[in-house]
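Please look over the structure shown below. A short report on it follows.

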Amino acid sequence: MAKVISTLFISADGVAEIDSDWHFPYFDENMGRAVTEDYEAADVLLIGRVTYDSFAGAWPGREAAGGDDAAFAKQLGDVRKVVASRQPVQFSWRNSELIEGDLLDAVAALKADADSKGVLVPGSISVVQQLLAAGLVDELRLLVHPVAARKGRRLFDDGDAPYHLKVTATEVYPTGVIRVIYAPTAAPTAAGYDEVKDQLSEG
């Protein structure tokens with residue numbers, strides 16, 4: 001079964017709608033390595049319409065230009081791209097296709113593909129929110145920037161129940177960015193103050 005992996009740049013206050021003013025000053029070779037690892041973990045990209053338009057508007061031109069990022073641009077062009085959109089899309093980028101029918105059904109089918117090594121969801125906040133609510137995200141890979149963005153869309157929207165996560169890996173970069181990889185987990189045993197008060201220091 002293929003893993004569904006969400007990868008996001010995010011601020012310390014939870015904003016996942018990146019702004020170049022607070023994102024790019026923290027981008028270094030460590031973050032570049034992390035991004036490369038994320039993309040190498042999957043052979044399908046699942047992206048929302050806004051993310052697709054952003055990617056398709058930039059990466060084909062970078063591939064054609066043959067600059068330092070041309071190899072990564074080619075990798076993105078070559079990979080299968082599955083787009084979630086409620087409106088028809090005129091695809092201008094190779095290997096792109098529109099999800100037909102329900103998003104959750106389509107993702108469940110992608111997960112069940114024994115020949116796929118993974119499904120990567122870069123950005124695409126609304127898609128990730130739907131997949132989290134449906135329990136379809138296997139890993140949440142966050143690159144947490146040391147900045148409070150204070151505006152923009154946040155990853156975790158309002159809801160009735162918390163998402164419980166376990167940390168499977170962390171890295172701290174010289175820029176102050178923290179890479180955290182989470183996986184869903186069961187809720188901890190219920191507890192209140194009486195159950196934890198003996199953990200307080202008397203000092």
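## A strand residue and its surroundings

V121 lies in strand β5. Helices (H or I, at least four residues) and strands (E, at least two) are DSSP runs, numbered from the N terminus. This is a predicted model, in which local features need pLDDT of at least 70 and side-chain atom pairs count only at pLDDT 80 or more, while totals for chains, interfaces and linings use all residues. Residues are numbered from 1 along each chain as its sequence is written, and side-chain values use heavy atoms, with hydrogens and water left out.

Is V121 buried or exposed? V121 counts as buried, because its relative accessibility is 1%. Buried means under 20% relative accessible area, exposed means over 50%, and partly exposed is in between (1.4 Å probe, protein chains only).

Which residues does V121 touch? Beyond its neighbours within four places in sequence, V121 is in contact with V4, I5, S6, T7, L46, V127, V128 and L131. Contact means heavy atoms within 4.5 Å. V121 and L45 are 76 residues apart along the chain, yet their C-alpha atoms are separated by 5.9 Å.

## The chain as a whole

The chain has 8 helices and 8 strands. Its C-alpha atoms fill a box of roughly 65 × 40 × 30 Å, taken along the principal axes. Of its 203 residues, 38% count as buried. Take the contacts between residues at least 6 apart in sequence: 72% of them join residues at least 24 apart. The accessible surface comes to about 11,600 Å², and 51% of that belongs to carbon and sulfur atoms. Accessible areas come from the Shrake-Rupley method with a 1.4 Å probe; for residues, only the protein chains shown count as cover.

## Two nonpolar cores

A nonpolar core is a set of buried Ala, Val, Leu, Ile, Met, Phe, Trp, Tyr and Cys residues joined through side-chain atoms within 4.5 Å. The largest core has 25 residues, and L46, L103, L131 and L155 touch the most other members. At least two residues each come from β1 (3-11), β2 (44-48), β3 (80-84), α6 (103-111), β5 (118-122), α7 (125-133) and β6. The largest share, 5 residues, comes from α7.

L46 shows how these elements meet. Leaving out residues up to four places away in sequence, L46 touches V82, I99, L103, V107, V119, L120, V121, P122, S124, V127 and L131. Another core, of 23 residues, lies apart from this one, with Y39, A42, L76 and V83 among its members.

## Charged pairs

A search of the whole structure finds 16 salt bridges. A salt bridge is a side-chain nitrogen of Lys or Arg within 4 Å of a carboxyl oxygen of Asp or Glu. Three are listed here.

| Salt bridge | Closest N to O distance |
|---|---|
| E37 and R33 | 3.3 Å |
| E171 and R33 | 2.9 Å |
| R141 and E139 | 2.8 Å |

E37 and R33 are separated by about one helical turn, because they are 4 residues apart in helix α2 (residues 29-40). E37 is partly exposed at 34% relative accessibility. R33 is partly exposed too, at 32%. The pair of E171 and R33 links distant parts of the chain: E171 sits in strand β7, R33 in helix α2, 138 residues apart. E171 counts as partly exposed, at 27% relative accessibility.

R141 and E139 are both buried. Salt bridges that share partners join K3, R33, E37, D38, E139, R141, E171 and R179 into one network.

E139 is found in strand β6. E139 counts as buried because its relative accessibility is 11%. The side chain of E139 makes a polar contact with the side chain of K3 (2.9 Å). A polar contact is a pair of N or O atoms within 3.5 Å; within protein, one must be able to donate a hydrogen and the other to accept it, and residues adjacent in sequence count only if both atoms are side-chain atoms. Not counting residues up to four places away in sequence, E139 touches K3, V4, I5, S6, I181 and Y182.

## Another strand residue

E97 is in strand β4 (residues 96-98). E97 is partly exposed, with a relative accessible area of 31%. The side chains of E97 and R80 make a polar contact (3.0 Å).
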